[in-house]
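Please read the following briefing alongside the sequence and the structure. It treats metal sites before turning to the arrangement of domains.

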Amino acid sequence: MSLLRKFIDLLYPPRCLLCRAFIASGSLCDTCFSSFKKLVTPVCPICGGPFLNGIQEDHVCEECLRNRPYFDSAASPYMYDGRIMDAIHLFKYQGKPHIAKALGPLLASFAKERLSGLRGLLIMPVPLHPKRLRQRGYNQSLLLARHVAVGMRASLDFMALRRTKDTKVQTGLRRDERRRNVKSAFEVADRRAVRGKNVLLVDDVATTGSTLNECAKALRKARSGNVHCLVLARAPKEAGSRQ
Ligand SMILES: [Zn+2]
Ligand SMILES: [Zn+2]
């Protein structure tokens with residue numbers, strides 16, 4: 001730590017961005033970290049969606065049985081709820097890209113634990129449309145994906161997959177609206193980069209998985225290998241789509 005940094009910390013001790021508690025370093029405190037709700041079984045082994053009631057073992061959900069996604073699996077360490085929701089909100093919408101230093105390692109260690117059996121993965125973040133990227137100044141999914149790539153010692157590619165449609169924000173849209181909103185929103189600009197590669201798509205939040213599915217569709221069209229998805233936080237499905 002530089003002398004200047006030490007001096008600044010003395011004048012303005014770092015505080016947790018969520019609860020304002022004083023912390024030694026970083027941007028979130030241990031209490032906030034440990035309040036993040038883990039996503040627990042039963043989940044759908046394909047889309048990774050949680051079941052809130054019913055059968056206690058993992059099983060394929062009705063949605064995946066009816067419309068099998070283009071991706072092979074999706075997994076998330078956390079539920080999109082409580083303080084992680086606030087943290088992601090600050091990270092994404094309030095111009096605080098440095099929160100990736102706190103959230104990225106959480107996702108990377110989950111990936112190492114859960115996905116270590118998958119070999120030769122190419123890590124790819126869900127891309128933002130260039131217009132959105134200019135407005136925000138950074139792609140939050142790329143910031144997370146960098147941590148995952150380092151943690152898994154895998155290569156990172158954030159150029160080959162592009163978002164060609166400037167879609168509406170998915171929040172507040174119904175399942176069918178979400179699907180229509182992101183339909184054909186992605187394309188592979190560099191087919192050679194993905195051909196035959198097993199891809200791990202990284203995103204910050206997923207609700208119905210429509211965005212991941214459209215990315216996977218574009219990758220498969222470009223003859224990628226298997227497509228797996230890793231999402232920091234999983235929002236509960238809308239009422240009616242739960243089993
Ligand atoms: Zn806190
Ligand atoms: Zn499913």
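Which spacing along the chain do the donors of the zinc ion (ligand 1) follow? They follow C-x2-C-x9-C-x2-C. This is a predicted model, in which local features need pLDDT of at least 70 and side-chain atom pairs count only at pLDDT 80 or more, while totals for chains, interfaces and linings use all residues. Residues are numbered from 1 along each chain as its sequence is written, chains are lettered from A and ligands numbered from 1 in the order in which they are written, and side-chain values use heavy atoms, with hydrogens and water left out.

**Zinc sites**

- The zinc ion (ligand 1) has as its protein donors Cys16 (SG), Cys19 (SG), Cys29 (SG) and Cys32 (SG), at 2.3 to 2.4 Å, where donors are N, O and S atoms within 2.8 Å of the metal (3.2 Å for Na, K and Ca), and sites may look incomplete because water is not among the atoms.
- The four donor atoms of the zinc ion (ligand 1) make angles of 102 to 116°, and the site is tetrahedral, a label given to four donors if all angles lie between 85 and 135 degrees.
- The zinc ion (ligand 2) is coordinated by Cys44 (SG), Cys47 (SG), Cys61 (SG) and Cys64 (SG), likewise at 2.3 to 2.4 Å, and its donors are spaced C-x2-C-x13-C-x2-C along the chain.
- The arrangement around the zinc ion (ligand 2) is tetrahedral because its four donor atoms subtend angles of 105 to 116°.
- For four tetrahedral donors the ideal angle at a metal is 109.5 degrees.

**Domains and their interface**

- The domain assignment, which is automatic or taken from a database, gives domain 1 (1-30) and domain 2 (36-234), and their C-alpha centres lie 31 Å apart.
- Five residues from domain 1 and ten residues from domain 2 take part in the contact, which means heavy atoms within 4.5 Å.
- The two domains bury about 540 Å² between them, 84% of it on carbon and sulfur atoms, buried area being the accessible area (1.4 Å probe) that two parts lose on being put together, summed over both.
- Leu17, Leu18 and Leu28 supply 77% of the area that domain 1 buries against domain 2, more than any other three residues.
- Between domain 1 and domain 2 there are zero salt bridges, each defined as a side-chain nitrogen of Lys or Arg within 4 Å of a carboxyl oxygen of Asp or Glu.

Notes. Tetrahedral: all angles 85-135°; square planar, octahedral: opposite > 155°, others 65-115°.
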